[in-house]
Amino acid sequence: MAGPRAVLEAWQDPSAAPLVEIRNVTKTFGNFYAVDDLSLTIYPKEFFSLLGASGCGKTTLLRMLAGFERPDSGRLLIGGEEVTHLPPYQRPVNMMFQSYALFPHLSVADNIAFGLRQEGLPRQEINQRVAEMLELVRLSDYAKRKPDQLSGGQRQRVALARSLAKHPKLLLLDEPLGALDRKLREHTQFELVNIQERLGITFIMVTHDQEEAMTMSTRMAVMNEGRIRQLGTPGEIYEHPNNRFVAGFIGAVNQFEGRVIAQNEKQLQIHCEITDSNLVVHCEHEITLGTPIAIAIRPEKITISTVASETIEKSENQLTGCVEEIAYLGDVSIYHVRVAPELLVEAQLTNSARRHTAPLTWGDQAWLRWKAEDGIALLE
Ligand code: ATP
């Protein structure tokens, strides 16, 4: 029996039929390349996120899928059918806008029914679908209210219900949680994923919020300047960023720039100019000596201590510096340690972990250690 994992990992299955195919799509505004020769394949039932900073082209890509923008070149296919030149209403797609765009003079139920009425569905079917959708988003008791009598989170759920009522194959969501406060946002993230899983509709979401993309997506694409810089599951992208841009964009990371001075099997030795020290990092590939390279290391992989380690293994790194800043976040504390005049390193300590040494405080000398295998060697 194929379990849910098998369904979710369709992108690894060469026989799986894609739902969305974006083939070498380019979109310019004047001389500016908003989307630059971009190709991407998305499979049925995925919750896919397009993640990137403001202006990277993610909304333009979404709008081309919806049919609100025409590509200059390239092709768009949905369910194997070419839609590149089809108007929005002929595509099996719905889009949920950032502003929700609810009709203020219509009740919640009428907002949800609006698209179904336009399609000319029989009244009974419309009523049934509206009731189903209200139940799905837990707003059955609010059917008669107007949008201005709802909270931000409730309006968001009405907008979702309205975009799902037509049973689109594909729902495009532009910053769907952008208007919600932090707490409601976290709660709604789970709700949205549950609804998506229950309905089995493919979601493509645009967001600039990396935590949101990481929590909700089956896969995500990190975009910059109209191109995809990395595509993968949240875990792959967090644990194995394959370039400096992605490493720096996703989560907190320390980057040490240097040059390769030695390679021993799967370990590179790098001379880092800024700390004037040699660091080691795991690397599967053969790299020419002298190649410029960066080592990326996440704060939670660094251990921090008030005492130096007497024995340092060949596969370990140790740097020392002065504690400049401490942020206590409850479950974890974050330390900023100055290891060189121009370099602060961030290390994270779980507060529940049993301490073997005295607690660190501002101005203390601290020793930072991490294993070669916990760092990531970045060539690009
Ligand atoms: P945001 O998160 O701010 O919405 P985004 O990544 O979604 O950003 P896009 O809206 O896709 O970015 O825009 C990409 C680039 O294209 C931006 O620099 C934007 O100014 C430009 N752009 C978008 N639409 C137009 C337009 N109609 N005319 C001219 N330039 C445009």
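Here are three short exercises with worked solutions on this predicted model.

Residues are numbered from 1 along each chain as its sequence is written. Local features need pLDDT of at least 70 and side-chain atom pairs count only at pLDDT 80 or more, while totals for chains, interfaces and linings use all residues; side-chain values use heavy atoms, with hydrogens and water left out.

**Exercise 1. Describe how helices H4 and H5 pack.**

Step 1: Find the two helices. H4 covers residues 123-136 and H5 covers residues 152-165. Helices (H or I, at least four residues) and strands (E, at least two) are DSSP runs, numbered from the N terminus.

Step 2: Compare their axes, which come within 9 Å and cross at roughly 140 degrees. Axes are lines fitted to C-alpha atoms, for helices over the stretch in contact, and angles run from 0 to 180 degrees between N-to-C directions.

Step 3: Classify the angle. H4 is therefore oblique to H5 (under 35 degrees is roughly parallel, over 145 roughly antiparallel, 65 to 115 roughly perpendicular, and the rest oblique).

Step 4: List the residues that meet. Arg129, Met133 and Leu136 of H4 are in contact with Ala161, Leu164 and Ala165 of H5 (contact means heavy atoms within 4.5 Å).

**Exercise 2. Trace the open sheet and the hairpin.**

Step 1: Read the strand order. Five strands form an open sheet, ordered E13-E12-E11-E14-E20, with antiparallel pairing. Two strands pair if DSSP finds at least two bridges between them.

Step 2: Look at the edges. Strands E13 (277-282) and E20 (376-378) each have a single partner strand, so one side of each lacks a neighbour in the sheet. On average, neighbouring strands here are turned by 45 degrees against each other, direction ignored.

Step 3: Follow one pairing. E14 (residues 292-297) joins E20 in the antiparallel sense through three bridges, and Ala294 has Leu378 in E20 as its bridge partner.

Step 4: Turn to the hairpin. E9 (residues 219-224) and E10 (residues 227-232) pair in the antiparallel sense over five bridges, with Val222 opposite Gln230 in E10. Two residues lie between E9 and E10, and Glu225 in the turn has a positive phi of about 45 degrees.

**Exercise 3. Set out the domains.**

Step 1: Mark the bounds. Domain 1 spans 10-245 and domain 2 spans 252-378; such bounds come from an automatic or database domain assignment.

Step 2: Add the spacing. The C-alpha centres of domain 1 and domain 2 are 39 Å apart.

Step 3: Count the contact residues. Domain 1 supplies seven residues to the contact and domain 2 supplies ten residues.
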